[in-house]
Amino acid sequence: MPTQRTSIHGQWSSRLAFIFAATGSAVGLGNIWKFPYMTGENGGGAFVLVYLVCVAMIGVPIMMSEVMLGRRGRQSPINTMRTLAEEEGYSRLWGLLGWMGVLAGFLILSYYSVIAGWALAYVFRTAGGVFNGATAEGVDAVFTELISDPERLLAWHTIFMAAGLELAVRLLMPALFVLLILLVGYAMSQGHFLEGVRFLFEPDFSKLSGQAVLMAMGQAFFSLSLGMGAIMIYGSYLPREASIARTSITVAVSDTLVAVIAGLAIFPIVFAHGLPPTQGPGLIFKTLPIAFGHMPGGALFGSLFFVLLVFAAWTSAISLIEPAVAWLVENHGFTRVHATVSAGAVIWTIGLGTIFSFSTWSGPEYTLFGKTFFDLVDFLTANIMLPLGGLLIAVFAAWLMSERSASDELAMGDGPGYRIWYFLVRYVTPVGVVFVFLNVIGLL
Ligand code: PFF
(Lines give C-alpha, C1' and ligand atoms only; values in the text may rest on other atoms or scores of the structure.)
Protein backbone atom coordinates (compact mmCIF):
# COMPACT_ATOMS: atom_id res chain seq x y z
CA MET A 1 0.00 0.00 0.00
CA PRO A 2 1.12 3.58 -0.68
CA THR A 3 1.41 4.41 2.98
CA GLN A 4 4.40 2.10 3.22
CA ARG A 5 6.48 4.18 0.81
CA THR A 6 9.96 5.20 1.98
CA SER A 7 12.06 8.13 0.83
CA ILE A 8 15.27 7.39 -1.07
CA HIS A 9 16.76 10.39 0.71
CA GLY A 10 16.43 8.93 4.20
CA GLN A 11 14.34 9.99 7.15
CA TRP A 12 14.55 12.28 10.20
CA SER A 13 15.80 10.44 13.25
CA SER A 14 12.82 11.60 15.33
CA ARG A 15 9.85 13.93 15.49
CA LEU A 16 12.07 16.40 17.30
CA ALA A 17 14.60 16.39 14.47
CA PHE A 18 11.77 17.33 12.12
CA ILE A 19 10.61 20.11 14.44
CA PHE A 20 14.10 21.58 14.52
CA ALA A 21 14.47 21.35 10.76
CA ALA A 22 11.04 22.81 10.05
CA THR A 23 11.55 25.57 12.61
CA GLY A 24 14.96 26.17 11.05
CA SER A 25 13.19 26.63 7.74
CA ALA A 26 10.44 28.83 9.14
CA VAL A 27 12.52 31.10 11.35
CA GLY A 28 14.73 33.29 9.27
CA LEU A 29 14.98 36.69 7.70
CA GLY A 30 11.21 36.58 7.30
CA ASN A 31 10.78 36.91 11.05
CA ILE A 32 13.53 39.33 11.94
CA TRP A 33 14.08 41.36 8.79
CA LYS A 34 10.80 41.22 6.89
CA PHE A 35 8.07 41.07 9.52
CA PRO A 36 9.12 44.32 11.24
CA TYR A 37 9.44 46.38 8.08
CA MET A 38 6.23 45.03 6.57
CA THR A 39 4.47 45.86 9.82
CA GLY A 40 6.01 49.32 9.73
CA GLU A 41 4.96 49.93 6.16
CA ASN A 42 1.43 48.66 6.65
CA GLY A 43 0.40 50.63 9.68
CA GLY A 44 1.13 48.30 12.60
CA GLY A 45 -1.51 46.60 14.77
CA ALA A 46 -4.20 45.85 12.20
CA PHE A 47 -1.62 44.26 9.89
CA VAL A 48 -0.27 42.17 12.78
CA LEU A 49 -3.77 41.02 13.67
CA VAL A 50 -4.53 39.89 10.11
CA TYR A 51 -1.14 38.19 10.02
CA LEU A 52 -1.88 36.27 13.22
CA VAL A 53 -5.32 35.23 11.99
CA CYS A 54 -3.77 34.01 8.73
CA VAL A 55 -1.13 32.01 10.60
CA ALA A 56 -3.76 30.28 12.72
CA MET A 57 -6.57 29.77 10.22
CA ILE A 58 -4.63 29.24 6.99
CA GLY A 59 -1.00 28.66 7.97
CA VAL A 60 -1.36 25.79 10.44
CA PRO A 61 -3.86 23.80 8.35
CA ILE A 62 -1.77 24.28 5.17
CA MET A 63 1.34 23.25 7.03
CA MET A 64 -0.44 20.08 8.14
CA SER A 65 -1.55 19.46 4.57
CA GLU A 66 1.95 19.92 3.18
CA VAL A 67 3.48 17.59 5.75
CA MET A 68 0.69 15.09 5.13
CA LEU A 69 1.15 15.13 1.33
CA GLY A 70 4.92 15.00 1.69
CA ARG A 71 4.88 12.05 4.03
CA ARG A 72 2.44 10.18 1.85
CA GLY A 73 4.41 10.82 -1.33
CA ARG A 74 7.89 10.51 0.16
CA GLN A 75 9.55 12.24 -2.82
CA SER A 76 10.41 15.72 -4.06
CA PRO A 77 7.26 17.88 -4.29
CA ILE A 78 7.19 17.50 -8.09
CA ASN A 79 7.18 13.70 -7.92
CA THR A 80 5.06 13.57 -4.78
CA MET A 81 2.29 15.59 -6.41
CA ARG A 82 2.48 13.51 -9.60
CA THR A 83 2.35 10.23 -7.71
CA LEU A 84 -0.43 11.22 -5.35
CA ALA A 85 -2.51 12.73 -8.14
CA GLU A 86 -2.23 9.55 -10.18
CA GLU A 87 -3.01 7.44 -7.17
CA GLU A 88 -6.19 9.42 -6.53
CA GLY A 89 -7.15 9.23 -10.21
CA TYR A 90 -6.19 12.77 -11.31
CA SER A 91 -3.80 14.21 -13.85
CA ARG A 92 -0.03 14.04 -13.47
CA LEU A 93 -0.13 17.74 -14.30
CA TRP A 94 -0.37 18.28 -10.54
CA GLY A 95 3.40 17.95 -10.73
CA LEU A 96 3.29 21.53 -12.01
CA LEU A 97 2.48 22.61 -8.48
CA GLY A 98 5.87 21.21 -7.51
CA TRP A 99 7.47 23.09 -10.37
CA MET A 100 5.91 26.37 -9.29
CA GLY A 101 7.41 25.71 -5.85
CA VAL A 102 10.86 25.12 -7.29
CA LEU A 103 10.60 28.39 -9.22
CA ALA A 104 9.36 30.27 -6.15
CA GLY A 105 12.20 28.81 -4.09
CA PHE A 106 14.78 29.94 -6.64
CA LEU A 107 13.35 33.44 -6.84
CA ILE A 108 13.05 33.82 -3.08
CA LEU A 109 16.53 32.50 -2.41
CA SER A 110 17.97 34.82 -5.07
CA TYR A 111 17.17 37.88 -2.98
CA TYR A 112 17.21 36.14 0.39
CA SER A 113 20.89 35.50 -0.12
CA VAL A 114 21.55 39.16 -0.84
CA ILE A 115 19.87 40.26 2.39
CA ALA A 116 21.70 37.54 4.32
CA GLY A 117 24.82 39.04 2.76
CA TRP A 118 23.92 42.37 4.39
CA ALA A 119 23.67 40.61 7.74
CA LEU A 120 27.04 38.98 7.12
CA ALA A 121 28.58 42.34 6.32
CA TYR A 122 27.11 43.70 9.56
CA VAL A 123 28.81 40.98 11.61
CA PHE A 124 32.16 42.55 10.83
CA ARG A 125 31.01 46.13 11.09
CA THR A 126 29.51 45.52 14.53
CA ALA A 127 32.45 43.48 15.75
CA GLY A 128 34.85 46.18 14.58
CA GLY A 129 33.05 48.75 16.71
CA VAL A 130 31.77 50.80 13.76
CA PHE A 131 28.52 51.42 15.62
CA ASN A 132 29.93 52.27 19.05
CA GLY A 133 28.07 55.31 20.27
CA ALA A 134 26.50 55.69 16.83
CA THR A 135 23.63 58.06 16.08
CA ALA A 136 20.67 57.20 13.86
CA GLU A 137 22.23 59.29 11.06
CA GLY A 138 25.57 57.52 11.41
CA VAL A 139 23.92 54.09 11.19
CA ASP A 140 21.86 55.21 8.23
CA ALA A 141 25.02 56.32 6.43
CA VAL A 142 26.72 52.96 6.98
CA PHE A 143 23.70 51.12 5.55
CA THR A 144 23.31 53.41 2.57
CA GLU A 145 26.97 53.10 1.77
CA LEU A 146 26.75 49.30 1.88
CA ILE A 147 23.72 48.88 -0.33
CA SER A 148 24.80 51.42 -2.90
CA ASP A 149 28.00 49.50 -3.59
CA PRO A 150 27.07 46.59 -5.90
CA GLU A 151 30.57 45.16 -5.85
CA ARG A 152 30.55 44.82 -2.12
CA LEU A 153 27.04 43.33 -2.11
CA LEU A 154 28.17 40.89 -4.75
CA ALA A 155 31.00 39.67 -2.53
CA TRP A 156 28.69 39.13 0.46
CA HIS A 157 25.96 37.49 -1.66
CA THR A 158 28.58 35.15 -3.13
CA ILE A 159 29.97 34.20 0.25
CA PHE A 160 26.48 33.37 1.51
CA MET A 161 25.53 31.27 -1.52
CA ALA A 162 28.84 29.41 -1.52
CA ALA A 163 28.82 28.47 2.12
CA GLY A 164 25.77 26.14 2.19
CA LEU A 165 26.62 24.31 5.37
CA GLU A 166 24.20 22.83 7.80
CA LEU A 167 25.41 23.68 11.27
CA ALA A 168 24.12 22.92 14.71
CA VAL A 169 20.61 24.32 14.39
CA ARG A 170 19.71 22.99 17.78
CA LEU A 171 22.13 25.33 19.48
CA LEU A 172 22.02 28.33 17.22
CA MET A 173 18.27 28.85 17.19
CA PRO A 174 17.90 29.03 20.96
CA ALA A 175 20.93 31.35 21.07
CA LEU A 176 19.27 33.70 18.58
CA PHE A 177 16.14 33.63 20.69
CA VAL A 178 18.10 34.58 23.83
CA LEU A 179 19.76 37.48 22.05
CA LEU A 180 16.39 38.72 20.80
CA ILE A 181 15.10 38.70 24.37
CA LEU A 182 18.20 40.64 25.40
CA LEU A 183 17.37 43.22 22.73
CA VAL A 184 13.81 43.47 24.02
CA GLY A 185 15.31 44.10 27.47
CA TYR A 186 17.36 46.91 25.98
CA ALA A 187 14.32 48.29 24.19
CA MET A 188 12.43 48.27 27.49
CA SER A 189 15.16 50.19 29.25
CA GLN A 190 15.10 52.93 26.65
CA GLY A 191 11.72 54.40 27.36
CA HIS A 192 9.66 54.08 24.22
CA PHE A 193 8.69 50.47 24.81
CA LEU A 194 4.97 51.06 25.24
CA GLU A 195 4.83 53.04 22.07
CA GLY A 196 6.30 50.03 20.29
CA VAL A 197 3.83 47.67 21.92
CA ARG A 198 0.94 49.90 20.97
CA PHE A 199 2.14 50.14 17.41
CA LEU A 200 2.30 46.36 17.16
CA PHE A 201 -0.90 45.45 18.95
CA GLU A 202 -3.35 48.33 18.74
CA PRO A 203 -5.20 47.74 15.48
CA ASP A 204 -6.15 50.82 13.52
CA PHE A 205 -8.36 49.42 10.79
CA SER A 206 -8.43 52.67 8.88
CA LYS A 207 -4.85 51.86 7.87
CA LEU A 208 -5.74 48.42 6.58
CA SER A 209 -5.99 48.46 2.79
CA GLY A 210 -6.80 45.42 0.64
CA GLN A 211 -3.17 45.47 -0.35
CA ALA A 212 -2.13 45.29 3.31
CA VAL A 213 -4.32 42.23 3.84
CA LEU A 214 -2.65 40.57 0.85
CA MET A 215 0.74 41.42 2.35
CA ALA A 216 -0.22 40.01 5.73
CA MET A 217 -1.42 36.78 4.17
CA GLY A 218 1.69 36.58 1.99
CA GLN A 219 3.85 37.17 5.02
CA ALA A 220 2.15 34.31 6.87
CA PHE A 221 2.97 31.95 3.98
CA PHE A 222 6.49 33.29 3.68
CA SER A 223 7.29 33.16 7.35
CA LEU A 224 5.96 29.62 7.79
CA SER A 225 7.75 28.48 4.59
CA LEU A 226 4.44 27.42 3.05
CA GLY A 227 3.09 27.13 -0.47
CA MET A 228 6.23 26.04 -2.29
CA GLY A 229 7.00 22.54 -1.12
CA ALA A 230 9.71 23.29 1.44
CA ILE A 231 7.63 21.90 4.26
CA MET A 232 6.32 19.19 1.94
CA ILE A 233 9.83 17.89 1.25
CA TYR A 234 10.68 18.06 4.96
CA GLY A 235 7.45 16.17 5.64
CA SER A 236 8.58 13.48 3.20
CA TYR A 237 11.39 12.65 5.64
CA LEU A 238 9.06 12.49 8.65
CA PRO A 239 8.75 9.16 10.48
CA ARG A 240 5.37 7.53 10.18
CA GLU A 241 4.51 7.62 13.87
CA ALA A 242 4.97 11.39 14.40
CA SER A 243 1.83 13.47 14.97
CA ILE A 244 1.46 15.96 12.12
CA ALA A 245 -0.92 18.27 13.98
CA ARG A 246 1.18 18.71 17.12
CA THR A 247 4.33 19.12 15.12
CA SER A 248 2.83 21.78 12.85
CA ILE A 249 1.41 23.76 15.74
CA THR A 250 4.77 23.71 17.54
CA VAL A 251 6.56 25.06 14.47
CA ALA A 252 3.94 27.75 13.81
CA VAL A 253 3.94 28.95 17.42
CA SER A 254 7.74 29.16 17.61
CA ASP A 255 7.90 31.03 14.33
CA THR A 256 5.26 33.54 15.35
CA LEU A 257 6.90 34.10 18.71
CA VAL A 258 10.21 34.99 17.07
CA ALA A 259 8.53 37.46 14.71
CA VAL A 260 6.59 39.19 17.48
CA ILE A 261 9.66 39.40 19.71
CA ALA A 262 11.68 40.86 16.85
CA GLY A 263 8.96 43.50 16.50
CA LEU A 264 9.13 44.22 20.22
CA ALA A 265 12.88 44.71 19.98
CA ILE A 266 12.82 46.94 16.95
CA PHE A 267 9.86 49.35 17.21
CA PRO A 268 10.80 50.89 20.55
CA ILE A 269 14.18 51.78 19.05
CA VAL A 270 12.43 53.18 15.97
CA PHE A 271 10.27 55.48 18.10
CA ALA A 272 12.98 56.39 20.59
CA HIS A 273 15.06 57.77 17.74
CA GLY A 274 12.22 59.35 15.82
CA LEU A 275 12.83 57.06 12.82
CA PRO A 276 10.04 56.42 10.31
CA PRO A 277 8.61 52.88 10.69
CA THR A 278 7.94 52.91 6.95
CA GLN A 279 11.49 52.78 5.71
CA GLY A 280 11.35 49.30 4.19
CA PRO A 281 14.00 46.60 3.87
CA GLY A 282 16.68 48.65 5.62
CA LEU A 283 14.69 48.88 8.86
CA ILE A 284 16.55 46.39 11.07
CA PHE A 285 19.90 47.41 9.64
CA LYS A 286 19.24 51.01 10.60
CA THR A 287 17.74 50.40 14.03
CA LEU A 288 19.46 47.49 15.76
CA PRO A 289 22.99 48.89 15.31
CA ILE A 290 21.86 51.92 17.32
CA ALA A 291 21.02 49.60 20.21
CA PHE A 292 24.29 47.71 19.83
CA GLY A 293 26.19 50.96 19.60
CA HIS A 294 24.96 52.07 23.01
CA MET A 295 24.62 48.98 25.17
CA PRO A 296 27.54 47.63 27.18
CA GLY A 297 29.26 44.83 25.26
CA GLY A 298 27.36 45.95 22.17
CA ALA A 299 30.10 45.05 19.69
CA LEU A 300 30.17 41.49 20.99
CA PHE A 301 26.40 41.00 21.28
CA GLY A 302 25.82 42.79 18.03
CA SER A 303 28.21 40.70 15.99
CA LEU A 304 26.89 37.56 17.66
CA PHE A 305 23.36 38.63 16.77
CA PHE A 306 24.20 39.06 13.10
CA VAL A 307 26.09 35.74 13.07
CA LEU A 308 23.00 34.01 14.41
CA LEU A 309 20.76 35.85 11.96
CA VAL A 310 22.96 34.57 9.16
CA PHE A 311 22.59 31.03 10.49
CA ALA A 312 18.84 31.41 10.76
CA ALA A 313 18.86 32.52 7.14
CA TRP A 314 21.03 29.54 6.21
CA THR A 315 18.67 26.99 7.65
CA SER A 316 15.86 28.64 5.69
CA ALA A 317 17.96 28.80 2.53
CA ILE A 318 18.58 25.06 2.68
CA SER A 319 14.84 24.40 2.69
CA LEU A 320 14.31 26.83 -0.19
CA ILE A 321 16.65 24.84 -2.40
CA GLU A 322 15.76 21.35 -1.14
CA PRO A 323 12.73 20.68 -3.41
CA ALA A 324 14.93 21.30 -6.47
CA VAL A 325 17.83 19.30 -5.04
CA ALA A 326 15.64 16.30 -4.24
CA TRP A 327 14.17 16.39 -7.74
CA LEU A 328 17.60 16.53 -9.41
CA VAL A 329 18.70 13.57 -7.31
CA GLU A 330 15.54 11.55 -8.02
CA ASN A 331 15.09 12.23 -11.72
CA HIS A 332 18.57 12.97 -12.98
CA GLY A 333 20.80 10.95 -10.71
CA PHE A 334 22.71 14.02 -9.45
CA THR A 335 24.63 13.72 -6.19
CA ARG A 336 23.33 16.08 -3.51
CA VAL A 337 26.44 18.22 -3.76
CA HIS A 338 26.26 18.47 -7.54
CA ALA A 339 22.54 19.28 -7.36
CA THR A 340 23.05 21.97 -4.72
CA VAL A 341 25.91 23.62 -6.57
CA SER A 342 24.01 23.65 -9.88
CA ALA A 343 20.83 25.07 -8.38
CA GLY A 344 22.90 27.50 -6.30
CA ALA A 345 24.65 28.83 -9.41
CA VAL A 346 21.35 29.62 -11.10
CA ILE A 347 20.03 31.30 -7.96
CA TRP A 348 23.22 33.30 -7.50
CA THR A 349 22.83 34.68 -11.02
CA ILE A 350 19.22 35.74 -10.47
CA GLY A 351 20.39 37.42 -7.25
CA LEU A 352 22.42 39.93 -9.24
CA GLY A 353 19.13 41.61 -10.14
CA THR A 354 18.43 42.29 -6.47
CA ILE A 355 21.92 43.65 -5.86
CA PHE A 356 21.46 46.19 -8.62
CA SER A 357 17.94 47.04 -7.41
CA PHE A 358 19.45 48.93 -4.52
CA SER A 359 21.90 50.94 -6.58
CA THR A 360 22.32 51.04 -10.35
CA TRP A 361 18.81 49.82 -11.10
CA SER A 362 16.91 51.81 -8.50
CA GLY A 363 15.96 54.56 -10.94
CA PRO A 364 12.54 54.84 -12.63
CA GLU A 365 13.89 53.60 -15.98
CA TYR A 366 14.54 50.22 -14.34
CA THR A 367 11.23 49.82 -12.54
CA LEU A 368 8.01 48.17 -13.62
CA PHE A 369 4.72 49.39 -12.06
CA GLY A 370 6.94 51.47 -9.76
CA LYS A 371 8.66 48.35 -8.46
CA THR A 372 12.35 47.50 -8.67
CA PHE A 373 13.54 44.01 -9.63
CA PHE A 374 13.75 43.09 -5.94
CA ASP A 375 10.27 44.50 -5.19
CA LEU A 376 8.81 42.58 -8.13
CA VAL A 377 10.41 39.26 -7.25
CA ASP A 378 9.39 39.66 -3.62
CA PHE A 379 5.82 40.60 -4.51
CA LEU A 380 5.42 37.85 -7.08
CA THR A 381 6.74 35.14 -4.76
CA ALA A 382 5.42 36.03 -1.31
CA ASN A 383 2.11 37.55 -2.32
CA ILE A 384 1.16 35.57 -5.42
CA MET A 385 3.05 32.30 -5.83
CA LEU A 386 3.04 31.12 -2.20
CA PRO A 387 -0.68 31.81 -1.56
CA LEU A 388 -1.53 30.29 -4.95
CA GLY A 389 0.55 27.23 -4.07
CA GLY A 390 -1.26 27.05 -0.73
CA LEU A 391 -4.63 27.32 -2.45
CA LEU A 392 -3.80 24.41 -4.78
CA ILE A 393 -2.47 22.34 -1.90
CA ALA A 394 -5.72 22.97 -0.03
CA VAL A 395 -7.83 22.03 -3.05
CA PHE A 396 -5.85 18.85 -3.54
CA ALA A 397 -5.79 17.80 0.11
CA ALA A 398 -9.40 18.53 1.00
CA TRP A 399 -11.34 18.32 -2.26
CA LEU A 400 -9.53 15.86 -4.53
CA MET A 401 -7.74 13.46 -2.23
CA SER A 402 -10.05 10.82 -0.83
CA GLU A 403 -10.92 11.58 2.76
CA ARG A 404 -9.71 8.14 3.68
CA SER A 405 -6.16 8.81 2.40
CA ALA A 406 -6.00 12.17 4.16
CA SER A 407 -7.33 11.02 7.48
CA ASP A 408 -5.22 7.87 7.35
CA GLU A 409 -2.05 9.93 6.92
CA LEU A 410 -2.99 12.58 9.50
CA ALA A 411 -3.85 9.76 11.90
CA MET A 412 -6.17 11.84 14.04
CA GLY A 413 -9.15 9.53 13.65
CA ASP A 414 -12.39 11.38 13.13
CA GLY A 415 -11.95 13.55 16.24
CA PRO A 416 -12.50 17.30 16.54
CA GLY A 417 -8.89 18.03 15.51
CA TYR A 418 -9.44 16.30 12.20
CA ARG A 419 -12.82 17.97 11.68
CA ILE A 420 -11.34 21.44 12.29
CA TRP A 421 -8.46 20.76 9.89
CA TYR A 422 -10.84 19.51 7.24
CA PHE A 423 -13.14 22.52 7.56
CA LEU A 424 -10.29 25.04 7.46
CA VAL A 425 -8.52 23.46 4.49
CA ARG A 426 -11.70 22.73 2.55
CA TYR A 427 -13.41 26.09 2.98
CA VAL A 428 -11.48 28.75 4.87
CA THR A 429 -8.17 28.60 2.97
CA PRO A 430 -9.58 28.53 -0.56
CA VAL A 431 -12.22 31.17 0.14
CA GLY A 432 -9.73 33.33 2.06
CA VAL A 433 -7.03 33.24 -0.60
CA VAL A 434 -9.44 33.78 -3.51
CA PHE A 435 -11.17 36.60 -1.65
CA VAL A 436 -7.91 38.42 -0.97
CA PHE A 437 -6.75 37.97 -4.59
CA LEU A 438 -10.02 39.27 -6.02
CA ASN A 439 -10.00 42.16 -3.63
CA VAL A 440 -6.55 43.23 -4.67
CA ILE A 441 -7.26 43.14 -8.38
CA GLY A 442 -10.31 45.24 -7.64
CA LEU A 443 -13.07 42.74 -8.35
CA LEU A 444 -14.39 42.65 -4.80
N1 PFF B 1 10.38 31.06 6.28
C2 PFF B 1 11.61 31.72 5.90
C3 PFF B 1 11.73 33.00 6.70
O4 PFF B 1 10.77 33.39 7.36
O5 PFF B 1 12.77 33.62 6.63
C6 PFF B 1 11.69 31.98 4.42
C7 PFF B 1 11.21 30.85 3.57
C8 PFF B 1 11.82 29.61 3.67
C9 PFF B 1 10.11 31.04 2.76
C10 PFF B 1 11.32 28.56 2.92
C11 PFF B 1 9.61 30.00 2.01
C12 PFF B 1 10.22 28.77 2.11
F13 PFF B 1 9.75 27.79 1.43
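**Helix 2, the ligand and two serines**

Good morning. I shall begin with helix 2, which covers residues 29-41 and so numbers 13 residues; from its first C-alpha to its last it reaches 17 Å, close to the 18 Å expected at 1.5 Å a residue. Please keep in mind throughout that the structure before us is a predicted model.

Helix 2 is not straight along its whole course: there is a bend of about 35° at F35, and a proline, P36, follows within four residues. After the helix comes G43, a residue whose phi is positive, near 90°.

How many residues of helix 2 are buried? The count is twelve of the 13, so the helix is largely enclosed by the rest of the structure. Among these buried residues are L29, G30, N31, W33, F35 and P36. The residue at the bend, F35, is therefore one of those counted as buried, since buried means under 20% relative accessible area.

Let us now turn to the ligand. Which residues come nearest to the ligand? Of the 15 residues around it, they are A26, G30, Y112, F222 and M228. Three backbone approaches deserve mention. An oxygen atom of the ligand lies 2.7 Å from a polar backbone atom of G30. For A26, a backbone N or O atom is 2.9 Å from a ligand oxygen atom. For L29, the corresponding distance between a backbone N or O atom and an oxygen atom of the ligand is 3.1 Å. As for the surroundings as a whole, the protein covers 100% of the 340 Å² of accessible area that the ligand has on its own. Both L29 and G30 are also among the buried residues of helix 2.

I should next like to consider S223, which is placed in helix 10, residues 210-223. Is S223 buried or exposed? Its relative accessible area is 1%, and S223 is therefore buried. The side chain of S223 makes a polar contact with the side chain of D255, at 2.7 Å. Leaving aside neighbours within four places in sequence, S223 is in contact with A26, N31, Y51 and D255. Two of these names have appeared already: A26 comes among the residues nearest the ligand, and N31 belongs to helix 2.

Finally, another serine, S342, is found in helix 15, residues 336-357. With a relative accessibility of 25%, S342 counts as partly exposed. Its C-alpha atom is separated by 17 Å from that of Y111, a residue 231 places away along the chain.

Thank you for your attention.

Note on methods. Residues numbered from 1 in each chain as written. Predicted model: local features only at pLDDT ≥ 70, side-chain atom pairs only at ≥ 80, totals over all residues. Heavy atoms only, no water. Helix = DSSP H or I, 4+ residues; strand = E, 2+ residues; numbered from the N terminus. Expected span 1.5 Å × (residues − 1). Bend = angle between axes of the 7 residues up to and from the residue. Buried < 20%, exposed > 50% of the residue type's maximum accessible area, 1.4 Å probe, protein only. Near = heavy atom within 4 Å. Polar contact = N/O pair within 3.5 Å; in protein donor to acceptor, adjacent residues only side chain to side chain. Areas by Shrake-Rupley, 256 points an atom, 1.4 Å probe, with all protein chains shown as cover. Contact = heavy atoms within 4.5 Å.
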